[in-house]
Amino acid sequence: MFVEMFQLLFTIVSIEAVLILTLGFGTPARRVVVKLLDISKQGRGPLVAKTVAATMLVLFGSVMYSTIQINTRVSESGGVANSTDQVMFANRLLEAFLMGKHISIKTPYIYMSFIHHFLV
């Protein structure tokens, strides 16, 4: 389960980087990306962006709840965490950081739309 989440998050980051680089330089692929952005912005774009943001917010809340549970269990056991709790806590913290970063960006759609607005 954890591997799939990390793969998904790193895939999102990679796609964002490729799109930003494509929009940043005047290449033939830029025209294709601009046309795809225009098509995606017609009607459905904001709905998709809000749905993705809401899903990530729910996942972020779930990860934070799990992290708080682990922290509570450690504090109830006298403040000493076993190695399993330490690994789970570090993993959840990394997930929370990656998802929190994307939530604070307010979905990649806004960045792409912002760059598209100023380049066209």
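## Order of elements

From the N terminus on, the elements of the protein chain run α-α-α-α-α. The secondary structure therefore comes to five helices and zero strands. The model is predicted.

Several of these helices recur below. Helix 1 covers residues 2-24, and helix 2 covers residues 28-41. Helix 3 takes in residues 45-76, and helix 4 residues 83-105.

## Annotated spans

The unreviewed UniProt entry places the feature "transmembrane region" at residues 6-26 and 47-68. In the model, the span 6-26 is 90% helix and 0% strand. The C-alpha atoms at the two ends of residues 6-26 lie 32 Å apart.

## Burial, surface and contacts

The protein chain has 120 residues, of which 28% are buried. About 8,300 Å² of the chain is exposed, and carbon and sulfur atoms supply 72% of that area.

Contacts were also sorted by separation along the sequence. Among those between residues at least 6 apart, 74% join residues at least 24 apart.

## The nonpolar core

Which residues form the largest nonpolar core? This core has seven residues: F6, L9, M56, V63, A96, L98 and M99. Helix 1, helix 3 and helix 4 each supply at least two of its residues. Helix 4 gives the most, with three residues.

L98, a member of the core, is in contact with F6, L9 and F10 when its neighbours within four places in sequence are left aside. F6 and L9 are also core members.

M99, another core residue, can be set against L59 in helix 3. The C-alpha atoms of L59 and M99 are separated by 8.0 Å, although the two residues are 40 apart along the chain. L59 has a relative accessible area of 37%, so this residue counts as partly exposed.

## The salt bridge

How many salt bridges does a search of the whole structure find? The search finds one. R73 forms a salt bridge with D85, and the closest N and O atoms are 3.0 Å apart. Because R73 lies in helix 3 and D85 in helix 4, the pair ties together parts that are twelve residues apart in sequence.

Are the two partners buried or exposed? R73 counts as partly exposed, at 40% relative accessibility. D85, in contrast, is buried, because its relative accessible area of 10% is under the 20% cut-off.

## A nonpolar surface patch

V32, L36 and I39 form a nonpolar patch on the surface. Together these three residues have about 300 Å² of accessible area.

L36 is found in helix 2. With a relative accessible area of 54%, L36 is exposed, since exposed residues are those over 50%. In soluble globular proteins, nonpolar side chains tend to be buried together. For the chain described here, the UniProt entry gives the feature "transmembrane region" at two spans, residues 6-26 and 47-68.

Note on methods:
Residues numbered from 1 in each chain as written. Predicted model: local features only at pLDDT ≥ 70, side-chain atom pairs only at ≥ 80, totals over all residues. Heavy atoms only, no water. Salt bridge = Lys/Arg side-chain N within 4 Å of Asp/Glu carboxyl O. Buried < 20%, exposed > 50% of the residue type's maximum accessible area, 1.4 Å probe, protein only. UniProt positions renumbered as here; feature names shortened; annotations may be inferred. Contact = heavy atoms within 4.5 Å. Areas by Shrake-Rupley, 256 points an atom, 1.4 Å probe, with all protein chains shown as cover. Core = buried A, V, L, I, M, F, W, Y, C linked by side-chain atoms within 4.5 Å. Patch = residues over 30% accessible without salt bridge, like charges linked within 9 Å, V, L, I, M, F, W, Y side chains within 5 Å.
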